[in-house]
Every structure is written in structure tokens, then in C-alpha cells.
Amino acid sequence: MDRIVDEIVLFGLGLPLLLLAPAAPAAVAAPLLALIATGALELLDRGEGGAQRQAPASAASPASAARFIRVARPAIAAAYLIAALAAPALAAFVPLLAYAAVAQNLGPLRFLWPAALLGAATSGSGALAAAALLLGALACLAARRTTKVQTERASLRQWRDAVQEDRLALAEQARDLAERQDLEVSCAVLAERARIAREIHDNVGHLLTRSVLQMEALAVTHEDDPALAEELAAVGATLHEALGTVRASVHDLHDEAFDPQTTLAELIGEFPGIVGALAFEAESLPRPVALAVVAIVREALANARTHGRATSVAVSLLEFPGFYQLAIEDNGRAANLVGEGGLGLTSMEERATALGGTFSFGPLPPPRTGSRVFATFPKTQEVRP
């Protein structure tokens, strides 16, 4: 856009210079010829880059089209400058062509354009030649300034794009770190809950159990004293209730400590040499299904690593209106897993069918290589005995 503005200004300044040219038919055609030459140069300059980027629309290749444009641009400028030697009136717009030669880097024409003013100088239009020479020098300076501004602007755009890419990459890394931190915090909380459940079960539960047994022994030894036996029975009932409450609390803590998504994420990371990805999209996963999913994923990862020699695996658990879908894809060799006797496959299939679900195993469709474990679990399932 800056170059077009500069060329319009130079064209406007060239019109008064026509008053210094001798009266001739070329003075009338000079503005039109200058517009045609300058417009053609601009179109060819813009088309050179497009010819290299776009696919050929005809039989000519992009390279041949660009080569033609590189030859045509200096030819058009040289033709106008040569014409200015024969028709002095054309010298009024030589500064416009000088600007285009410098801005488009048209080789020697950047320095030879003053020679086109010799015709005007030798034909008695010295004032026209001097004014055109001065205006041409200013046009060359303007072309250099505009080219420098455009180059710096393009560099600034590249720098801005690079900064934007870095910012997006940093934001993505920050999200990954936040998710990892949340996962670590969740794992720590669940581990602490599991530890508390074990402590209660191993200590408080055992003490209450021992107290219940002692109370029952005392009740047996004092059967001949009905009043004392009744009091001991009441205390025993209280201890039984306390023991039941503790067991219920321990089970609740243990259930809360089991998070399927966290467990699967930790499970994938336990297998060295396998790069895993987890897609977990299930909001309400029943505990029997969650335990079966974890067991199937563990078995599938072990088989993929040991028998299939897999190096990457993708685990996805999706929730649909009527069922849960588990898919495990790896880049290993499916034939090796089947050739080992299929004990792992049998175990996985039994866990899925025990909940009324389905199970399948097989190679990935071409051109992909690897194997896939696929299982579904209905939401209204009955556990088989």
C-alpha cells in the first residue's frame, strides 16, 4: 500500500513536468504509457510470489512462470526508458519508473535510469531533464525508505507471530502443569484416605473386635448372674454397633480413595517403555464396572508390553446413555498375544461378560498397525455368579 501511495504522488508530480516538454503527440500519450508500464510492473511483482506458491493452472510450471515474470519486469521498465530517449515528453515520468526499479530491485536499471533523460537534455528540454533528474533522485530515496519500512514491518509481523506462538505454547504448558498438579494432589489425597482407612481397620477395628470377644467371654462366665449378664449384653451390643460403624466408615474411606480416572492414569505410567494417553469421559462409573475396567486395562497393558512389544497405547473410557465403552489401542503385534495361549484374553473377557458386557480383541484396520481391546458394560447389568 505504501508503494502505491508513493507512485500516485510521483505520477501527480510528473504531470506538471509535461509543461516543460516540447509540444508533441507523445506528451498526450506519456501519462497513459507511464500508467500502463507502472501497473504492469506492480502486477508482475505481486504475481511472482503467487506463481511460486500456487499450483499451475496451465501447462507451465510455477518455476517457469516465475522465470518469465523475472524477465518481463526489467524488460518493461527498460522499454519505457528507451522510449524516453526518443520521445522527450516521456521523461516527465522517468522518476516513476526509477522508483519502481529501485523498489522492485530491477538490477542495473536502478542506476541507469538517468540515461533516459539524455533525449530530453539534447532536444532543448534541459529544464525537464533537470527537474526529472531531481525528482528521480527523490523517488529513489523514497523507494529505499518504503522498502526498508516494509521489510521492518514484515520482520515485526514475524516476531509478533513467534511471540504469539511462544505465548500459546507457554499457556499450554501451564495448563499441563496445572492438570498434573491437580492429579498429584488428588493422588496424595486418595493415598492419605487409604492410609487412614488402613490405620482404622488395623488398630481401632482390631481393638473393638478384641473388646467384643472379651465381653462375650465375660457374659458366658457370668451366666449365673442375670442382672450382670444383662448389663454385659448391653455393653456387648454397644461394642457390636461401634464395630459396625467403624467398618462402614473404613469401607466409605476405601471407596472414596478409589478414583478410576486417577487409578488408570497411574496404571498407564507404571509400564516402562510405553507412552500412554488416557481419555476418560465417564461421570458416574459404578464400582464393579470401575474395578473391571482397571483390571482389563492392567491386563491389556501387560500383554501389549510383554507379548506385543508395544511402545505406545491409547486408553479411552466413554459413557453413553445405555452403556460404558472401553477401548485400548496399541502399536504392538496382535498375533503374539494370541499365540501365547490367550490366558490374558480369557481373563479380560470373563471380567466383561460377568457384568453383562461384551469383549473383543483384534488387529487395527489397515493401514494402522497394532491391536485393539474393546469392551462394553451396560448400565443396568447383573453380576453373574
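**Figure 1. Which are the buried residues of H4?** They are Val94, Pro95, Leu96, Leu97, Ala98, Tyr99, Ala100, Ala101, Val102 and Ala103. Here, buried means under 20% relative accessible area, exposed means over 50%, and partly exposed lies in between, using a 1.4 Å probe and the protein chains only. With 10 of the 10 residues of H4 buried, this helix is largely enclosed by the rest of the structure. Just after H4 comes Asn105, whose phi is positive, near 55 degrees.

Before we go on, please note that this is a predicted model, in which local features need pLDDT of at least 70 and side-chain atom pairs count only at pLDDT 80 or more, while totals for chains, interfaces and linings use all residues. Residues are numbered from 1 along each chain as its sequence is written, and side-chain values use heavy atoms, with hydrogens and water left out.

**Figure 2. The whole chain sets the scene with 12 helices and 5 strands.** Helices (H or I, at least four residues) and strands (E, at least two) are DSSP runs, numbered from the N terminus. Of the 385 residues in the protein chain, 35% are buried. The chain's accessible surface comes to about 22200 Å², and 62% of that belongs to carbon and sulfur atoms; these areas come from the Shrake-Rupley method with a 1.4 Å probe, and for residues, only the protein chains shown count as cover. Contact means heavy atoms within 4.5 Å. Among contacts between residues at least 6 apart in sequence, 70% join residues at least 24 apart.

**Figure 3. Five strands line up in an open sheet.** Their order is S1-S2-S3-S5-S4, and the pairing is mixed. Strand S1 (275–281) and strand S4 (358–363) are the edge strands, each with a single partner, so one side of each has no neighbour in the sheet. From one strand to the next, the twist averages 10 degrees. Two strands pair if DSSP finds at least two bridges between them. As a general reminder, strands of a sheet pair through backbone hydrogen bonds, either parallel or antiparallel.

**Figure 4. Strand S3 has antiparallel partners in S2 and S5.** Strand S2 (residues 312–319) and strand S3 (residues 323–330) are joined by 7 bridges, and a hairpin of 3 residues leads from S2 to S3. Across this pairing, Leu317 has Leu326 as its bridge partner, and Glu319 stands opposite Tyr324. Another 8 bridges join S3 to S5, where Tyr324 has Phe377 as its bridge partner. Since 7 of the 8 residues of S3 are buried, the strand is largely enclosed by the rest of the structure.

**Figure 5. Helices H9 and H12 meet the sheet.** Helix H9 (residues 260–269) lies across S1 and S2 and runs at about 170 degrees to S1. Helix H12 (residues 343–354) packs on the sheet too, touching S4 and strand S5 (371–378), and its direction makes about 150 degrees with that of S4. Axes are lines fitted to C-alpha atoms, for helices over the stretch in contact, and angles run from 0 to 180 degrees between N-to-C directions.

**Figure 6. Ser316 sits in strand S2.** At 19% relative accessibility, Ser316 counts as buried. Leaving aside residues up to four places away in sequence, Ser316 touches Ala279, Gln325, Leu326 and Ala327.

**Figure 7. Here are the aromatic pairs, of which the whole structure has 2.** Phe11 and Phe93 have ring centres 5.3 Å apart and planes at 25 degrees, so the pair is stacked. This pair links distant parts of the chain, with Phe11 in helix H1 (residues 2–17) and Phe93 in the loop between helix H3 (62–86) and helix H4 (94–103), 82 residues apart. Both Phe11 and Phe93 are buried. Phe320 and Phe323 form a stacked pair as well, 5.0 Å centre to centre with 25 degrees between the planes. Phe320 counts as partly exposed at 30% relative accessibility, and Phe323 counts as partly exposed at 31%. Rings of Phe, Tyr and Trp (its six-membered ring) pair if their centres lie within 6.5 Å; planes under 30 degrees apart count as stacked, over 60 as edge-to-face and the rest as tilted.

**Figure 8. Lys379 places its charged end over the ring of Tyr324.** The distance to the ring centre is 5.4 Å. A charge sits over a ring if NZ of Lys or CZ of Arg is within 6 Å of the ring centre and within 35 degrees of the ring normal.
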